Amino acid sequence: MKRWLAALLLLPGAVWGEPVRIHDLETGELAALRERYDFWGADWRAGYAVFDLDAGQRSKLERAGFRITTDLRRARELADWRRATEQADLQRGAGTIPGFACYRTVDATHATLADLAAAYPDRATLSEIGDTWQADAGAAVGDSIGVLVIRNASSPHPKAPLVIAAAQHARELATAEIATRFAELLLASADIDPDIGWLLDHREIHIIAQANPDGRRQVELGAGMWRKNHNETACAAGNLSGTWPGIDLNRNSSFLWGSFSSSDACSQTYRGPVPASEPETLAIQNYLASVFDDQRPASDLESPAPAEARGIFISLHSFAEMVLFPWEGLGGQNENNAPNHDALAVLGRRFGFLNDYAVGRWQLLGPAGGTAVDFAYGEFGVAAYTFEVGTDFIQSCESFEAAVWPDNRDALLLAAKAARRPYLEPAGPEITALQVAFSGGVRLTGTADDTRFFRGNVTEPPDDPVSNVVEMRIALDLPEHLATETWTFPVAVPGQQADFDLLLPLDIPSEGTLFVTAVDDTGQPGLARVVEYTDLIHANGFEAETP
Ligand SMILES: [Zn+2]
């Protein structure tokens, strides 16, 4: 055990501050506080931000006029967590983080990904994209960063990429589990849910579940609030106020590096000595460069990616119940919006509808320079988002199972669908209900909806692309842009939400897969929903329902 960690454990209660709520912060105030103090997250509905402050920090801020209350709930959770981590040595080998049966350890995460690659050899490939700082230093505990690539190797079709990276910040427990479960869901469901199965034929989904394994191992060993990587040369001794060594990997990217981050090595938002100084940062940056097309000049901040750009990057963090998008590393107001700002907002608000998160940029948390999301969008022009999931670093398993996982699962499934045209198709209608039956022929009924946007209290851009659904398009066996057989039907009663009842031609094959798309009155088709029909329908009138 490192000397400083031993010192921390010998002085429980004496070296940490406590979680507090700072109320009614302006965005600029929040941005300034984030650079100086240990920012945990925010509750935008209740109007407070959570920081960990010691008594001196708190009284200083109170004298400056900030309204601060002790966060009793999170303080209690933290005390419980510390008790659990003190028992950690007794629980080694459980495969989950002490106190949290729902969150796999680094080793268990990697074992799961390896098991998936072994169980689905044609659909999942596990590879290593680079070493951690500890591995580079030759430490026995050092890891390499793994990525599981999910796609059907036998599919000849182009595959638009979705990359999901989690646990870049070690203490954000829920994020790695979301990424791991998403991989499990895709592979387990591909053969039984045609609306997931087609994604493996036409998408390439890259899961980096543990982007900072060195840091996460420290969390597992009892340094529960560890955030950064484990670069021992940065703040080598820790500063005995709950801050551990390391560099903030989400301030270390080479894009918009240097501002809205800290130059203090002991800060939780220490950006590192130079851009992309850390092996974990380089591993992910090089990997993204190998996956994404180059669709934007990285040398400027004004050129948009083309509307037809493909690819999505999602960086999973916690906690604030927010979806954030570029530029994360520029302050100011709308003049510093990303050139694809409005389209980024549209897809972001589709996510927001599913996870009930606020969606925006500068309005929400204030800027952060050198983030992975700005790198992905800035370098490659892909649609890139930070999901600040949940309401806690140490999110309870009960709330994780009830809300954090299912809500973000649905948002990630939408991301997989949207990865081919993320700046276009999310503006079109969604298919919210779809049934196939045999009734005088193969009959499709359901509902298309162009109203499913949510943004929280954000005011701009002011309008969502809500318009009337006017047309349904059906493609046989392939997405419409690849299919040789397609049918178009006008919607009987156009509306922002419209029901449809379509009888397909009688001479269609006895079984197949139908890609169903709705088109709005601007001519924009939305994301496809996919259903299978079989000769069972013809023979028996069997009805398949996917509400
Ligand atoms: Zn984070």
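Me: Over which residues does pLDDT stay under 50?

Reply: This is a predicted model, and confidence is the place to begin. Where pLDDT is low, the predicted coordinates should not be read in detail. Here pLDDT stays under 50 over residues 1–15. The model has 21 contacts beyond four places in sequence for that stretch.

Me: What is the average pLDDT of the protein?

Reply: The average is 92, and 93% of the residues score at least 70.

Me: Which residues coordinate the zinc ion?

Reply: To read a metal site, list the donor atoms, then look at distances and angles. The zinc ion is coordinated by ND1 of His169, by OE atoms of Glu172, which is listed twice, and by ND1 of His317, at 2.0 to 2.3 Å. The angles among the 4 donor atoms run from 57 to 147°, and the site is irregular. Four donors would count as tetrahedral if all angles were between 85 and 135 degrees.

Me: How are the donor residues of the zinc ion spaced in sequence?

Reply: The pattern is H-x2-E-x144-H. Glu172 sits in the loop between β9 (160–166) and α7 (173–189), while His317 belongs to strand β11 (residues 312–317), so this pair ties together parts that are 145 residues apart in sequence.

Me: Are Glu172 and His317 buried or exposed?

Reply: Both Glu172 and His317 are buried.

Me: Which domains does the assignment give, and what are their bounds?

Reply: The domain assignment gives domain 1 as 89–418 and domain 2 as 428–546. For a pair of domains, look at the separation, then at the contact. The C-alpha centres of domain 1 and domain 2 lie 32 Å apart. The contact takes 27 residues from domain 1 and 26 residues from domain 2.

Me: How much area do domain 1 and domain 2 bury between them?

Reply: They bury about 2200 Å², with 62% of it on carbon and sulfur atoms. On the domain 1 side, Arg349, Arg350 and Phe353 supply 34% of the area buried against domain 2, more than any other three residues.

Me: Why does Gly512 count as buried?

Reply: Gly512 has a relative accessible area of 11%, and buried means under 20%, so Gly512 is buried. Its place is in strand β20 (residues 512–520).

Me: Which residues is Gly512 in contact with, leaving aside its neighbours within four places in sequence?

Reply: They are Asp477, Val531, Glu532 and Tyr533. Take Tyr533 as a case: it is 21 residues from Gly512 along the chain, and the C-alpha atoms of the two are separated by 5.6 Å.

Key
Residues numbered from 1 in each chain as written. Predicted model: local features only at pLDDT ≥ 70, side-chain atom pairs only at ≥ 80, totals over all residues. Heavy atoms only, no water. Donors = N, O, S within 2.8 Å, 3.2 Å for Na, K, Ca; no water. Tetrahedral: all angles 85-135°; square planar, octahedral: opposite > 155°, others 65-115°. Helix = DSSP H or I, 4+ residues; strand = E, 2+ residues; numbered from the N terminus. Buried < 20%, exposed > 50% of the residue type's maximum accessible area, 1.4 Å probe, protein only. pLDDT = per-residue confidence, 0-100. Contact = heavy atoms within 4.5 Å. Domains from an automatic or database assignment. Buried area = accessible area lost by both parts, 1.4 Å probe.
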